[in-house]
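Colleague: Please take one part of this model and look at it closely for me. I would like to follow the strands, then the helices. Short sentences, please.

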Amino acid sequence: MKKRSMLMLAALMLVLSAFLAACSGGEKAGTKKNDNEGKTGETSEKPQDGGTLVYALDSAPEGKFNYAFYGNQTDQYVIDFFDENLIDYDAQLKAQPHIASWKTTDNKVFDFEIKKGVKWHNGDELSVKDWEFALKVIADKDYEGPRFDNVRNIVGAQDYHDGKAKEISGIKVIDDYHIQITFDKARVNNLDNLWTYPMNRTEFKGMAVKDMMGSEQVRTKPVGLGPFKVTKVVPGESIEMERFDDYFGGKPHIEKVVIKVIDPSLSVGELKNGTLDMTAFHPSIIDQVKALDNVNAITYPGVSYYYVGFRLGTWDGEKNVMNEPKYQDKKLREAMYYAINRDEWVKAFFFGVGKPVNRPIPTNHWIAADNKELDQYKYDPKKAKELLDEAGYKDVDGDGFREDPQGKKFVVNFSHYATQNPTFESRAKALTQYWEAVGLKTKLTMTDVNLYYDMLEKADKSVEVFFGGWSTGSDPDPTPLWGSKALWNYPRWVNADSDKLLDQALDINVVGTDSNKRKDLYVQWQKLFMKDLPVLPIAELEETMAVSKRVNGVKFDVSGMNRPNEWWITQ
């Protein structure tokens, strides 16, 4: 199984509509398994070689086809076909050797060994120097991506980033197959949080880091380690790949893969006609997909959730600063939460594959707090109105909408990402109606998904209240999303008690290797989070995927899909 990355940002899982929309496979996150127990096309036949797999996205990729630079899930879907993680994760989201294996006696110093003979698509043999190269790119001062947190804790990485050192002292290359990485201190999750995606040094030789994201090596001619290699990219339209016979995991059965962008309204028709083999899809069409005789409608456990966030501050380039006053009053945020009928909203827009969530951790993850331990914020418009009254938000001029405590016009400026899926605007409008029902005038702005997360990352002042999502990774540590120094902490929430709990949950001296101690700290953190309410957790969904019955060997579990070299097509 592939690693379900913490870095599937909201943007990751909210990028597709019928295909997803950040953040992880069709915009969903949930609990139940499908009737096929997470498998499709399983037969007793011997796998056959040949054929072309057609895989659909319903939103155009940004075109950042490199793990170090990508920022949304459409790009990640493409990358997963042609590139590879050095380590793997099983159905319990535990790290397993893959290309790399490791040893450590103290969770501070790790000795890694990679397999010999692993080939890049350009014929180069993989070396640990390619991994070192990727770590240095991400730690570089000119790196513009959001993944420095996955390198920061290596000894010397911060000095390298700040220009105080020419090398990262905690990285020691022994030879082409062995590397030692030393962290600044022992942590429970040093391995899980470590960036484990190499970059081909030959392809980027002589290129400045600031030029990499826009280069053809990232945009149109990417080189990876995966089962398929890219042969053609038509930006915004399609990506073609062919089988990589030297794939270290075994020669793929399928000869070619075509990934194309389609209008989601056409996906059911294409599935029915056999011109499309595989696509994630939005819950709104699940009954139509289930009705197709030639397609399996797969649902499997998700680890994603969706929320409404508040812009509480700004990003100063290194950390979050909570300096925006409009939504600082917690009673206002609580009132907006009580005003939402989440049961009604989830049923209306997620068609039986979702449920309300009361915490920033999906139910399927082992650190999830029991609902009984958390404030529930159940739908209560009367309480919402009372809280607004107490906070001084009252209708002064008699127009039916409340002014702020200073008597000035108050408008909730609410933003939601836009793709080709029409249900997104409908569900966003439904949220605005809940708030207006308790007297809060609300203005909705729908923004193209690729621009949307760029605006959030830059703390654009026009984005005040926003819809977002997240897919929790193999390591449940919430720091990359909610830490005070996290770029993806879009509300710009700063809380010293939160940081302390998150740090303790990773500290070997505090929790040792006791998962129960670690979970207890995360439960305490979830309680704190739900009392402070920097965002309003709304829903968690199951993952949904449509797979043609001619495609065999595809398996799903909470970690994602198995590698596509194991798939095969009935000829």
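**Strand pairs and helix pairs**

Modeller: Start with one pair: A100 has I114 in β6 as its bridge partner. This is a predicted model, with local features needing pLDDT of at least 70, side-chain atom pairs counting only at pLDDT 80 or more, and totals for chains, interfaces and linings using all residues. Residues are numbered from 1 along each chain as its sequence is written, and side-chain values use heavy atoms, with hydrogens and water left out.

Back to the strands. β5 covers residues 100-103 and β6 covers residues 109-114. (Strands are DSSP E runs of at least two residues, and helices are H or I runs of at least four, numbered from the N terminus.) The two strands pair in the antiparallel sense, over 4 bridges. (Pairing needs at least two DSSP bridges between the strands.) Besides the A100 pair with I114, K103 has D111 in β6 as its bridge partner. A hairpin links β5 and β6, with 5 residues between the strands. In that hairpin, N107 takes a positive phi near 60°.

Now widen the view. β5 and β6 belong to an open sheet of 4 strands, in the order β5-β6-β8-β7. The pairing in this sheet is antiparallel. Which strands form the edges? They are β5 and β7 (171-175), and each pairs on one side only. On average, neighbouring strands of the sheet are turned by 25° against each other, direction ignored.

Another hairpin is worth a look. β24 (residues 554-557) and β25 (residues 560-561) run antiparallel, joined by 2 bridges. F556 has M561 in β25 as its bridge partner. The hairpin from β24 to β25 passes through 2 residues.

Next, the helices. α10 (residues 330-338) and α12 (residues 381-391) have axes that come within 8 Å and cross at roughly 165°. (Axes are lines fitted to C-alpha atoms, for helices over the stretch in contact, and angles run from 0 to 180 degrees between N-to-C directions.) So α10 is roughly antiparallel to α12. (That label is for angles over 145 degrees.) Their crossing is left-handed. (The near helix is turned anticlockwise from the far one by less than a right angle.) On the α10 side, K331, L332, E334, A335 and Y338 meet residues of α12, including P381, L387 and A391. (Contact means heavy atoms within 4.5 Å.) This contact divides into 8 nonpolar, no polar and 4 charged residues. (Ala, Val, Leu, Ile, Met, Phe, Trp, Tyr, Cys and Pro count as nonpolar; Asp, Glu, Lys and Arg as charged; the others, Gly among them, as polar.)

A salt bridge also involves the loop before α10. K326 pairs with E464, and their closest N and O atoms are 2.8 Å apart. (A salt bridge is a Lys or Arg side-chain nitrogen within 4 Å of an Asp or Glu carboxyl oxygen.) E464 sits in the loop between α14 (449-457) and β20 (465-471), and K326 in the loop between β16 (320-321) and α10, so the pair ties together parts 138 residues apart in sequence. The structure holds 28 salt bridges.

Last, α16 (residues 496-504) and α18 (residues 515-532). Their axes come within 9 Å and cross at roughly 165°. Therefore α16 is roughly antiparallel to α18. The crossing is left-handed. Among the contact residues are L501 and L502 of α16, and Y522 and W525 of α18. This contact divides into 6 nonpolar, 3 polar and 1 charged residue.

Notes. Angles under 35 degrees count as roughly parallel, over 145 as roughly antiparallel, 65 to 115 as roughly perpendicular and the rest as oblique.
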